[in-house]
Amino acid sequence: MPKDIKKRHLLDLGILIPYLILSVVGLMMVYSTTTYVMLESGQSTTRQALLQFAFWLLSLFTIFVIYKMKTDFLKNKKLLQIVMIIVTLSLFVVFLFDKEATNGAYGWIKLGSLGTIQPVEFLKLIVIWFLATNLAQRQHMIHEDFFASVKGLLMIIGLQIVVIMCYPDFGNAAVIVLLVMIMLLSSGVNYLYTLYTGIIGIVGSFLTVTLVNLVGKYFLPAHVISRFAIFRDPFGDEFGKGHQLIHGYYAMFNGGLLGRGLGNSIQKKGFLKFAHTDFAFSIVVEELGLIVAIIILGLLFYMIARIILIGIRSNDAFNSMMCIGIGSLFLISVFINLGGITGIIPLTGITFPFISQGGSSLLVFSICIGFVLNISADEKKKSYQLNY
């Protein structure tokens with residue numbers, strides 16, 4: 001490896017540039033989608049956009065710090081244990097003291113005029129990090145006795161999932177369960193496990209929808225039952241429970257191919273209550289048009305594919321599982337958000353990466369980018385060392 005090559009020369013622009021473009025588009029959309037709400041509440045129209053911008057600056061600084069770290073430091077179990085304890089305690093504190101439900105669920109820590117943070121957003125990355133570190137160190141055990149090597153890890157994460165379900169936040173709980181399954185399947189187990197899990201997942205999804213429809217009212221919160229009812233027939237209660245989803249459809253229809261122009265959405269003006277969060281991508285289609293929306297999706301999928309490819313090509317178990325886990329987190333978030341606003345699956349409240357308003361979401365996805373850039377540089381460095 002040439003001595004004059006510094007870490008900055010190993011920066012993966014194929015990931016960094018899409019991240020920067022998506023973040024800037026997200027800031028524009030946050031300003032556009034929150035202006036009307038701020039105006040109605042008598043606050044400055046730039047307030048939410050400035051808060052999001054502040055979180056983005058913090059995100060850029062965090063990416064820089066993570067990128068400068070040695071990859072071995074990220075594998076440090078003591079560091080991970082400290083982070084794990086902080087996030088787990090935050091989950092319990094929020095569960096005990098947050099008495100103001102948002103959309104039927106709890107889970108936010110209020111920071112006064114600065115808004116809120118949501119510990120469960122950070123837990124998604126921590127779970128990936130936790131499993132990647134521990135499974136990478138147990139590779140020999142996984143091949144000898146898979147269940148014995150993972151049962152302790154699953155008990156720890158299972159406890160956190162139970163707390164999240166008590167909020168009740170079933171959307172984020174489902175995301176974490178999916179991430180755990182993907183991490184376990186990418187840990188080096190026989191490919192037949194993946195096949196069996198896929199079959200069980202498809203059958204389980206149909207059974208879940210059927211069971212919720214039949215007996216869900218006896219054990220699930222009202223807002224969850226309502227979301228499944230909207231999923232079955234949004235037009236059955238057009239002016240009530242189906243109002244949001246239907247106006248999300250109207251937003252996408254209004255946009256057409258070229259859109260109504262940035263800031264010219266009709267649906268964000270009192271029709272779509274969650275235009276800045278769950279339905280942010282509907283407003284993207286309405287204002288910027290289907291063509292630009294597809295370009296944004298293409299850019300995001302290109303970045304995700306590149307992240308997963310780094311993981312597949314890596315011979316380092318930690319690097320491989322981190323990239324596959326982070327790529328999967330992006331994919332799951334996009335699928336659940338788009339699936340919800342198009343009526344393919346029930347609405348869950350999961351945000352669209354970089355586009356939806358939310359400081360916690362933006363910061364966590366940015367930290368993910370920091371991890372991936374660090375790992376990408378580490379893989380390039382190893383490649384140079386082999387070839388020179």
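So, phenylalanine 354: this one is buried, with a relative accessible area of 2%, where buried means under 20% relative accessible area, exposed over 50%, and partly exposed in between, using a 1.4 Å probe on protein chains only. Before I go on, this is a predicted model, so local features need pLDDT of at least 70 and side-chain atom pairs count only at pLDDT 80 or more, while totals for chains, interfaces and linings use all residues. Residues are numbered from 1 along each chain as its sequence is written, and side-chain values use heavy atoms, with hydrogens and water left out.

Back to Phe354. You'll find it in the loop between H13 and H14; helices here are DSSP runs of H or I with at least four residues, strands are runs of E with at least two, and both are numbered from the N terminus. Phe354 has a positive phi of about 70° although it isn't a glycine. Most residues other than glycine have a negative phi. Contact means heavy atoms within 4.5 Å, and if we leave aside neighbours within four places in sequence, the contacts of Phe354 include Tyr19, Leu22, Leu300, Met303, Phe330 and Ile369.

Which residues have the most contacts inside the largest nonpolar core? Phe354 is one of them, along with Phe281, Met303, Ile326, Phe330 and Ile369, and that core has 99 residues. Helix H12, residues 280–313, gives the most to this core, with 15 residues. By nonpolar core I mean a set of buried Ala, Val, Leu, Ile, Met, Phe, Trp, Tyr and Cys residues joined through side-chain atoms within 4.5 Å.

Okay, the same loop, another residue. Glycine 343 also lies between H13 and H14. Leaving aside neighbours within four places, Gly343 is in contact with Phe231, Leu245 and Tyr249. Its C-alpha is 30 Å from that of leucine 309, and those two are 34 residues apart along the chain.

Now the helices on either side. Methionine 322 lies in H13, residues 317–342, and counts as buried because its relative accessibility is 0%. Beyond four places in sequence, Met322 is in contact with Ile128, Trp129, Ala132, Phe371 and Ile375. C-alpha to C-alpha, Met322 is 9.8 Å from isoleucine 310, with their positions 12 residues apart in sequence. Ile310 turns up again over in H14, residues 359–387, where serine 376 is found: Ser376 touches Asp12 and Ile310, not counting residues up to four places away. Ser376 is buried too, at 4% relative accessibility.

What about empty space? There is 1 cavity of 30 Å³ or more, and the largest cavity holds about 50 Å³. Its lining includes Asp278, Ile336, Asn337 and Leu347. A cavity here is a set of points on a 1 Å grid over the protein atoms alone where a 1.4 Å probe fits but cannot get out, and lining residues have an atom within 4 Å of a point. Points are joined across faces, edges and corners, and the volume is the space filled by probe spheres set on them.

Zooming out, the chain has 14 helices and 2 strands. Buried residues make up 48% of the 388. Of the contacts between residues at least 6 apart in sequence, 72% join residues at least 24 apart. The C-alpha trace spans about 65 × 50 × 40 Å along its principal axes.

Terms used:
1 Å grid on protein atoms, 1.4 Å probe; cavity = no way out; pocket = protein on both sides within 12 Å on 5 of 7 lines; lining within 4 Å.
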